[in-house]
Structure formats: C-alpha cells, structure tokens
Amino acid sequence: MKLWFSLLLLIVSFLALSCQDVIDIEVAGGKPVLVVEGWLTNKREMQVVKLYYTRGISDSTGYQPLEGARVILSDNENHKELLKEQAPGRYSFTQIRAITGRTYTLSIDTKDGSYEAVSTVPRLAFNPDTVLYKYQDKSLIYKNAGYYPLICAQESEGKGDYAQIKLYKNGVYQNKSDDLNLFSDEYADGYYIKNLELNIDSPYVRGDLIRAEVWSLNEQAYLFWRDIRSQLHNAQIFAAPFINARSNIKKIKASSNDATGYFGTSVVKFKETRVE
C-alpha cells in the first residue's frame with residue numbers, strides 16, 4: 001500500500017469513528033517504504049533530513065527511524081558534506097547552505113538500498129516587503145473572529161516562479177492543513193502583489209507576532225505541495241480518489257526498497273509585524 005494513501009486512509013478512518021460502528025478488518029502490511037523528508041535553505045540554523053520507514057496501516061507503533069545510514073550532501077561546485085546523525089533517523093548538515101542557481105544532490109546509502117535526490121535552488125521572485133493584518137468577525141467565510149494576515153510583494157518578471165509562504169505565531173510555526181499557502185505567478189507575472197490574504201487555521205489576537213517566511217520553490221516542489229494540499233482537503237463525501245504525492249527520491253539500484261518523500265532547496269526571506 002502506498003505511503004500517502006495509507007496515511008490519509010488512516011486519518012479518514014479516525015474521523016469516521018465518531019459517527020459509525022467500528023468494524024475490524026484484516027489489512028495486508030506490505031513491505032516498509034523509506035520516507036525522506038528534508039529541505040536545504042539559506043537560513044543560518046541547523047537543518048535536518050529525516051529518514052524513517054512506514055509500517056502497515058494496522059500497526060499502531062508508529063514510524064521506525066532509519067539509523068546508521070550514510071547520507072552525503074554535495075553540489076555542482078564540488079562542495080560535499082557528510083551528514084551527522086543527531087538523533088535516531090535525524091541527519092543534520094551544518095556547513096552547506098542553499099545558493100540560488102546551484103544544484104544539490106542528496107545521496108543515501110542504507111542496508112536496504114541506495115537513493116538519490118537532486119534539486120536546483122530557484123530564485124526568490126516573490127519578494128515580500130510588508131506584512132499586514134485585518135480584523136474579521138466570525139462568519140461563513142471566517143470560522144473564527146480575529147486578525148488575518150496579508151502580505152505585499154513584488155513579483156519578478158519571467159514566468160515559472162513559485163513560492164510557499166509559511167506563517168509563524170509568536171515564533172511557533174503554524175502547520176495545520178488550513179495554514180498551507182502556495183503561490184504561482186501564472187496570472188501575476190511581474191505584478192506588485194498588494195494585500196494578498198493568507199490562509200491560516202487560527203487567527204491572530206492582539207499582541208501576537210506575525211512572521212511570514214517566503215520560500216522559493218521550483219515547479220516540482222510546488223506540485224509536490226499542491227498534491228499534499230489536495231490530499232489534506234480530500235475528506236469530503238464526494239471527494240476524488242487519493243493520489244500519491246510526487247517524489248524526487250530515486251532508487252539507484254532496482255533492487256533497493258521503495259522510497260518516497262521529498263528533498264527540496266529554497267532561498268527564504270521573511271517579514272514580521274505585531275498585532276496592535
């Protein structure tokens with residue numbers, strides 16, 4: 001069973017328990033799939049790649065971290081770094097940082113196979129200059145009363161630019177399904193984007209610090225996040241069938257176990273404001 005289908009089916013099953021009788025069924029476990037999660041940016045902080053194996057959908061013990069892997073990050077300028085395992089399944093890089101236009105390769109060797117992911121750092125064309133906010137009462141559109149964030153940015157000329165905007169509240173990353181903000185310049189190439197309202201699961205209140213980080217994305221990364229967003233909102237009664245999110249993790253040898261996930265590269269710029 002594919003990773004994303006398994007995870008999302010499990011979520012939908014939990015939601016259904018509140019209104020349906022529980023029926024025990026036998027589900028085939030399948031072979032574990034290696035999951036790779038990691039992002040290289042220009043941020044001056046420790047960054048990690050997480051490696052773990054999936055388990056069968058009926059296994060309640062969670063994921064199994066992959067320990068003892070050999071993980072190397074290199075670029076097309078002959079820089080190379082051996083990642084250090086800081087904790088089970090968490091491998092950090094501290095030297096290399098993302099530079100626009102440079103191509104990075106993540107190489108992973110394990111007892112179950114060898115894998116590789118390649119990513120070129122896209123430019124940050126959605127360049128933020130201001131973060132604002134507006135108050136909204138509770139309504140059909142706004143599920144809670146509070147302050148909702150807006151962003152202003154100049155979009156550079158030349159189509160094919162993408163971005164993800166990550167929101168923080170008092171230093172805490174807002175990471176629920178309704179917090180996922182993606183941008184494409186398909187209909188906004190070269191424009192000044194004024195007061196673009198950002199999605200957020202829980203609005204801000206007076207005194208909160210709003211931080212908006214803009215991460216540059218290439219098209220493949222944009223489509224990956226778009227797949228994730230579609231799957232996170234795919235729990236309606238007449239929803240389309242689940243699909244597998246795109247992955248840039250490639251097996252070096254056909255005999256390697258299956259793998260999924262994503263290793264991406266971005267340049268990041270942020271703006272902050274406090275709700276007064």
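The secondary structure of the chain comes to two helices and 19 strands, as read from a predicted model. Of the 276 residues in the chain, 45% count as buried, and the chain exposes about 15,300 Å², of which carbon and sulfur atoms supply 51%. Among contacts in the chain with a separation of 6 or more, residues 24 or more positions apart account for 65%.

## The open sheet and Ser-74

Strands of a sheet pair through backbone hydrogen bonds, either parallel or antiparallel. In this chain, five strands form an open sheet in the order S5-S4-S8-S9-S17, and the pairing is antiparallel. Strand S5 (80-82) and strand S17 (250-251) stand at the edges with a single partner strand each, so one side of each is left without a neighbour in the sheet. Within this sheet, strand S8 (residues 103-110) and S9 run antiparallel and are joined by eight bridges, with Thr-105 standing opposite Val-118 in S9.

Ser-74 belongs to strand S4 (residues 70-75), and it counts as buried because its relative accessibility is 17%, where the limit for a buried residue is under 20%. Leaving aside residues up to four places away in sequence, Ser-74 touches His-79, Lys-80, Thr-103, Tyr-104 and Thr-105. Thr-105, one of these contacts of Ser-74, is also the residue that stands opposite Val-118 in S9.

## Strands S10, S11 and S15

A further set of antiparallel pairings involves S11. S10 and S11 run antiparallel and are joined by 10 bridges, and Val-131 stands opposite Ile-151 in S11. S11 is also joined to strand S15 (residues 192-197) by four bridges, again in an antiparallel arrangement, and here Ala-153 stands opposite Ile-193 in S15. Nine of the 10 residues of S11 are buried, so S11 is largely enclosed by the rest of the structure.

## Aromatic pairs and charges over rings

The structure holds 11 aromatic pairs. In one of them, the rings of Tyr-133 and Tyr-147 have their centres 5.7 Å apart and their planes at 85°, so the pair is edge-to-face. This pair links distant parts of the chain, with Tyr-133 in strand S10 (residues 126-136) and Tyr-147 in strand S11 (residues 146-155), 14 residues apart. The two partners fall into separate accessibility classes: Tyr-133 counts as partly exposed at 26% relative accessibility, whereas Tyr-147 is buried, with a relative accessible area of 12%. Phe-224 and Trp-225 form another edge-to-face aromatic pair, with 5.2 Å from centre to centre and 70° between the planes. Phe-224 counts as buried, at 6% relative accessibility, and Trp-39, Phe-224, Trp-225 and Tyr-262 form one aromatic cluster.

Charged side chains also meet aromatic rings in this model. The charged end of Lys-169 sits over the ring of Tyr-204, 5.2 Å from the centre of that ring, while Arg-211 lies over the face of Phe-270, at 3.6 Å from the ring centre.

The ring contacts described above are set out together here.

| Partners | Arrangement | Distance to or between ring centres |
|---|---|---|
| Tyr-133 and Tyr-147 | edge-to-face, planes at 85° | 5.7 Å |
| Phe-224 and Trp-225 | edge-to-face, 70° between the planes | 5.2 Å |
| Lys-169 and Tyr-204 | charged end over the ring | 5.2 Å |
| Arg-211 and Phe-270 | over the face of the ring | 3.6 Å |

## The surroundings of Arg-123

Arg-123 is found in the loop between strand S9 (113-120) and S10. With a relative accessible area of 36%, Arg-123 is partly exposed; this value lies between the limits of under 20% for buried and over 50% for exposed residues. Not counting residues up to four places away in sequence, Arg-123 touches Thr-100, Ser-156, Glu-157, Gly-158, Asp-161, Ser-216 and Val-267. With Ser-216, which is 93 residues away in sequence, the C-alpha to C-alpha distance is 6.2 Å.

Two of the residues touched by Arg-123, Glu-157 and Asp-161, are also reached through polar atoms. The side chain of Arg-123 reaches the backbone oxygen of Glu-157 at 2.8 Å, and the side chain of Arg-123 also makes a polar contact with the side chain of Asp-161, at 2.8 Å. The loop residue Arg-123 thus has a polar link to a backbone atom of Glu-157 and another to the side chain of Asp-161.

Terms used:
Residues numbered from 1 in each chain as written. Predicted model: local features only at pLDDT ≥ 70, side-chain atom pairs only at ≥ 80, totals over all residues. Heavy atoms only, no water. Buried < 20%, exposed > 50% of the residue type's maximum accessible area, 1.4 Å probe, protein only. Contact = heavy atoms within 4.5 Å. Areas by Shrake-Rupley, 256 points an atom, 1.4 Å probe, with all protein chains shown as cover. Phe/Tyr/Trp six-rings, centres within 6.5 Å; stacked < 30°, edge-to-face > 60°. Lys NZ or Arg CZ within 6 Å of the ring centre and 35° of its normal. Polar contact = N/O pair within 3.5 Å; in protein donor to acceptor, adjacent residues only side chain to side chain. Pairing = 2+ DSSP bridges.
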